[in-house]
Amino acid sequence: MISIVIPTINEEKNILLTINKLSNLKNLNNPEIIIVDDNSTDNTVNIIKDFIQKKKLDIKLIRNYSNLGLGYALKLGYENSKYKFVMFLDADLSVKNDDINALIESRKENHMIVGSRYSTKSKVVNVNKIKFFLSLILNKLISTIFKLSIIDISHSFRIICKNFKLSVKNYTHPGFFWELTLDAKKKGIFLKEIPITFLERENGVSKNKTLKMIKSVAYSLHNIFKM
């Protein structure tokens, strides 16, 4: 049994597709789905509420009434989950069903397993090449400096054995995931990554703006070198 945490902000074009995707997965047996909405201003929340009324899945909706950040939403979902394993899944349909199934199958005691965009067997589709290259370089740099066993430390798509408390200061992307990964290693959690196919979103607007990401990187570099 697993809990799946899905952060949302203005995902009215994707959230129902994401929920239906999960309902059709072969490896999911009555999962707990926790959707943490970070103050959407579109119809996202109403769509979720309407689906919950149909009671097709075990869905819990948590609402933030101000924008507290992607990392805060994931941490809130993690802390309110009831099962031993917790998966983080974006609502932008960027990963395939087979990769979700593979990540679920890979879950293991005392492990954090990341769906990697940077493995030799991974594929990326329709992604901005410059943005991808910069992300790869930064991830490799941090991974090398801290002697990590994985490269893609900034990807949100991961499954965690829920046996440690999240202690992260930066709630923005990608800094939250860097700090989360390093904190897990520090606490004795084993790190592993599996190759996936990563798809650029087709609907909605990415929340990962360049300036916000630069600020996130700077803040987390300050934090992690003090760890």
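These are my notebook entries on strand 2, the nonpolar core, the salt bridges and a surface patch of a predicted model.

**Entry 1: strand 2 and its neighbours**

I began with strand 2, residues 32-38, and looked up how it is paired. On one side of the pairing list I found strand 1 (residues 2-8), which runs parallel to strand 2 and is joined to it by six bridges. I also found strand 3 (residues 58-64), which pairs with strand 2 in the parallel sense over seven bridges.

I used Val36 as a marker for the register. Pro7 stands opposite Val36, and Val36 in turn stands opposite Ile62 in strand 3.

I then followed the chain between the first two strands. From strand 1 it passes through helix 1 (residues 15-23) to reach strand 2, and I noted this β-α-β crossover as right-handed.

**Entry 2: cover on strand 2**

How many residues of strand 2 are buried? I noted seven of its seven, so the strand is mostly covered by the definition of buried as under 20% relative accessible area.

I sorted them by face. In a regular strand, side chains alternate between the two faces of the sheet. Glu32, Ile34, Val36 and Asp38 lie on one side of strand 2, and Ile33, Ile35 and Asp37 lie on the other. Both faces are covered.

**Entry 3: the largest nonpolar core**

I next looked up the largest nonpolar core, which has 28 residues. The members that touch the most others are Phe88, Met112, Phe164 and Leu180.

I checked which elements feed this core. At least two residues each come from strand 2, helix 3 (70-79), strand 4 (85-88), strand 5 (111-116) and helix 6 (175-186). Helix 6 gives the largest share, with six residues. Nonpolar side chains tend to be buried together in soluble globular proteins.

**Entry 4: salt bridges**

I counted six salt bridges in the structure and wrote up three, including one that starts from strand 2.

Glu32 and Lys60 meet through their side chains at 3.6 Å, N to O. Which parts does this pair tie together? Glu32 is in strand 2 and Lys60 is in strand 3, so the bridge links parts 28 residues apart in sequence. Glu32 is buried at 2% relative accessible area, whereas Lys60 is partly exposed at 31%.

The second entry is Lys54 with Asp50, where the closest N and O atoms are 3.8 Å apart. Both residues belong to helix 2 (residues 44-54) and are separated by four residues, about one turn of the helix. I noted Asp50 as partly exposed, at 41% relative accessibility.

The third is Asp183 with Lys187, at 3.1 Å from N to O. Is Asp183 buried or exposed? I noted Asp183 as buried, with a relative accessible area of 7%. Lys187 counts as partly exposed at 37%.

**Entry 5: a nonpolar patch on the surface**

Last, I looked for nonpolar side chains on the surface. Ile130, Phe133, Leu134 and Ile137 form a patch there, and together they have about 430 Å² of accessible area.

I took Ile137 as the residue to check. Ile137 sits in helix 5 (residues 129-145). Why can Ile137 count as partly exposed? Its relative accessible area is 42%, and the partly exposed class lies between the 20% and 50% cut-offs.

Technical notes
Residues numbered from 1 in each chain as written. Predicted model: local features only at pLDDT ≥ 70, side-chain atom pairs only at ≥ 80, totals over all residues. Heavy atoms only, no water. Patch = residues over 30% accessible without salt bridge, like charges linked within 9 Å, V, L, I, M, F, W, Y side chains within 5 Å. Areas by Shrake-Rupley, 256 points an atom, 1.4 Å probe, with all protein chains shown as cover. Salt bridge = Lys/Arg side-chain N within 4 Å of Asp/Glu carboxyl O. Buried < 20%, exposed > 50% of the residue type's maximum accessible area, 1.4 Å probe, protein only. Pairing = 2+ DSSP bridges. Right-handed = clockwise from strand over helix to strand, strands pointing away. Core = buried A, V, L, I, M, F, W, Y, C linked by side-chain atoms within 4.5 Å.
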